[in-house]
Amino acid sequence: MKPIFLINGPNLNLLGLRQPEIYGSETLADVEAKVAALAAEFGMPLEAMQSNHEGGLVEMIHRARTEAAGIIINPGAYSHTSVAILDALNAFDGPVLEVHISNIHKREAFRHHSYVSARAEGVIAGFGTEGYLLALRRMRGLVAG
Ligand code: CA2
């Protein structure tokens, strides 16, 4: 089976280092490790990656076209601005799940819309980093058919 790509966008490399009241106290490495542990339990290969650059994220999604069974993505602030990431996801054939650690609908109005949601099979927001685990559970069902 091809791996699930776990893709995190800009500033998520700062998880656990600042704003714990919004994003919690786990680091990105902690989060990736707990998702990888659940993926291992499910027997699903997982590749975790992060970029602060829109083009870097687009290239990861292009790579997923041939190398990934599905994508779990937290596009960070690019959720609210990036048609390029939406276009790249539209060129990917497998399932896409969108995760936000915070509840974007409880925050500033500019965070309420996500371009990526138009492509995602499902969206999880406001469940903290647990949202990534919930997304992986759902992805398991989606890739099983
Ligand atoms: O809630 C989410 O997961 C977001 O995608 C996080 C983005 C934000 O722009 C979105 O509106 C919602 C920001 C990620 C920034 O992460 C930080 C973590 C720790 C310290 C500073 C930033």
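**Reading a ligand site and a buried threonine**

Modeller: Let's start with a pair you can click on: the side chains of threonine 129 and glutamate 26 make a polar contact at 2.5 Å. A polar contact is a pair of N or O atoms within 3.5 Å; within protein, one must be able to donate a hydrogen and the other to accept it, and residues adjacent in sequence count only if both atoms are side-chain atoms. Keep in mind that this is a predicted model, where local features need pLDDT of at least 70 and side-chain atom pairs count only at pLDDT 80 or more, while totals for chains, interfaces and linings use all residues. Residues are numbered from 1 along each chain as its sequence is written, and side-chain values use heavy atoms, with hydrogens and water left out.

Biologist: Is threonine 129 buried or exposed?

Modeller: Buried means under 20% relative accessible area, exposed over 50%, partly exposed in between (1.4 Å probe, protein chains only). Threonine 129 has 8%, so it counts as buried.

Biologist: And which residues are closest to the ligand?

Modeller: A residue is near a molecule if one of its heavy atoms lies within 4 Å of it. Here 17 residues surround the ligand, and the closest are Asn74, His80, Ile101, Ser102 and Arg111.

Biologist: Which polar atoms lie by the ligand's oxygen atoms?

Modeller: An N or O atom in the side chain of histidine 80 is 2.7 Å from a ligand oxygen. For histidine 100, a polar side-chain atom lies 2.9 Å from an oxygen atom of the ligand. Alanine 77 uses a backbone N or O atom, 3.4 Å from a ligand oxygen.
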